[in-house]
Amino acid sequence: MASLGGQAALFSDDEARKAIIDLRQRVDAQKATAEAIERKLTDENNQLRRSLLDLQNQIEALRTEQARMRGQGEQMSREIAETQRRQTTQSQSLDERLRSMEPQKVIVDGREFVASPAEKRDFDAAMGVFRTGDFPAAQAAFLDFAKRFPKSGYYPSAMFWLGNAQYATRDYKEAITNFRAMLTLAPEHARVPEAILAIANCQIELKDTKAARRTLEDLIRLHPQSEAAQAAKERLAKLR
């Protein structure tokens, strides 16, 4: 009986050791499996992190490229706008230059005519000198204008103001000549009555009373409603 009991105990120990070994093997296997899974997960996580980092780098690169392209687009828009502005400015400047070279309609002393920019510029300049009271310079300016533009619509007015400048410098004979030239050239000119009165004034200064009286009488007869005619009556009364 004792022998049977010993065998039973031995058998039990072997079974236990075997069970323990099996258990350890299963644990080791499970541990190895877990470690393998962990390594795999770690590798996958690392790979995922690298993929995410690459994706972020790509996104950042795309953003940078987009910003660069946006900047180029804005620069191109500015350049296009600046080009259009320059073209508009150049076009306007060209139009202005062309207009400045084209004859224009002007109205002087109630007369409308077409004049070149040069005619208008020089006549206005001569008038500007006259208004300053520098009559010798004004006389020279109107003489120069008359020589340069003998066919100009300004010519009768230039003769009138030339005569006035000469009257102011006491060049009465030349003044009479230019006033009469104006009357012959433009008998319907708005300043004709003033020119006739100016001729009479020159004649008075030259002590040619008879001629002055005749001129004043003609003025009153030809232009009775003009202011010059009223002034002529006063002068005529003083001559008698």
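In this predicted model, helix H2 passes helix H3 in a left-handed crossing. Helix H2 covers residues 117-131 and helix H3 covers residues 135-148, and the axes of these two helices come within 8 Å and cross at roughly 160°. Since angles over 145 degrees count as roughly antiparallel, the crossing angle makes H2 roughly antiparallel to H3. On the side of H2, the contact is made by Glu119, Arg121, Asp122, Phe123, Ala126, Met127, Val129 and Phe130, while H3 contributes Phe135, Ala137, Ala138, Ala141, Phe142, Phe145 and Arg148. When the residues of this contact of H2 with H3 are divided by class, 11 are nonpolar and 4 are charged, and no polar residue is found.

A second helix pair is formed by helix H5, which spans residues 172-185, and helix H6, which spans residues 192-205; their axes come within 9 Å and cross at roughly 155°. H5 and H6 are therefore roughly antiparallel to each other, and H5 passes H6 in a left-handed crossing. In this contact, Tyr172, Ala175, Ile176, Phe179, Arg180, Met182 and Leu183 of H5 meet Val192, Ala195, Ile196, Ala198, Ile199, Cys202, Gln203 and Glu205 of H6. The contact of H5 with H6 comprises 12 nonpolar residues, 1 polar residue and 2 charged residues.

Aromatic side chains were examined next. A pair of aromatic rings is described by the distance of the centres and the angle of the planes. Across the whole structure, the search finds 11 aromatic pairs. One of them joins Phe145 and Tyr154, whose ring centres are 6.1 Å apart and whose planes stand at 90°, an arrangement that is edge-to-face. Phe145 and Tyr154 are both buried. Another edge-to-face pair is formed by Tyr167 and Tyr172, with 5.4 Å from centre to centre and 65° between the planes. The two residues of this pair were also assessed for accessibility. Tyr172 has a relative accessible area of 13% and is therefore buried, because buried means under 20%. Tyr167, in contrast, has a relative accessible area of 28% and is therefore partly exposed.

Aromatic residues also come together in a cluster, in which Phe113, Phe123, Phe142, Phe145, Phe149 and Tyr154 are joined. Among these residues, Phe123 belongs to the H2 side of the contact between H2 and H3, whereas Phe142 and Phe145 belong to the H3 side. In the second helix pair, Tyr172, which is buried, is one of the residues through which H5 meets H6.

Terms used: Residues are numbered from 1 along each chain as its sequence is written. This is a predicted model: local features need pLDDT of at least 70, side-chain atom pairs count only at pLDDT 80 or more; totals for chains, interfaces and linings use all residues. Side-chain values use heavy atoms; hydrogens and water are left out. Axes are lines fitted to C-alpha atoms, for helices over the stretch in contact, and angles run from 0 to 180 degrees between N-to-C directions. Helices (H or I, at least four residues) and strands (E, at least two) are DSSP runs, numbered from the N terminus. Angles under 35 degrees count as roughly parallel, over 145 as roughly antiparallel, 65 to 115 as roughly perpendicular and the rest as oblique. A crossing is left-handed if the near helix is turned anticlockwise from the far one by less than a right angle, and right-handed if clockwise. Contact means heavy atoms within 4.5 Å. Ala, Val, Leu, Ile, Met, Phe, Trp, Tyr, Cys and Pro count as nonpolar, Asp, Glu, Lys and Arg as charged, and the others, Gly among them, as polar. Rings of Phe, Tyr and Trp (its six-membered ring) pair if their centres lie within 6.5 Å; planes under 30 degrees apart count as stacked, over 60 as edge-to-face and the rest as tilted. Buried means under 20% relative accessible area, exposed over 50%, partly exposed in between (1.4 Å probe, protein chains only).
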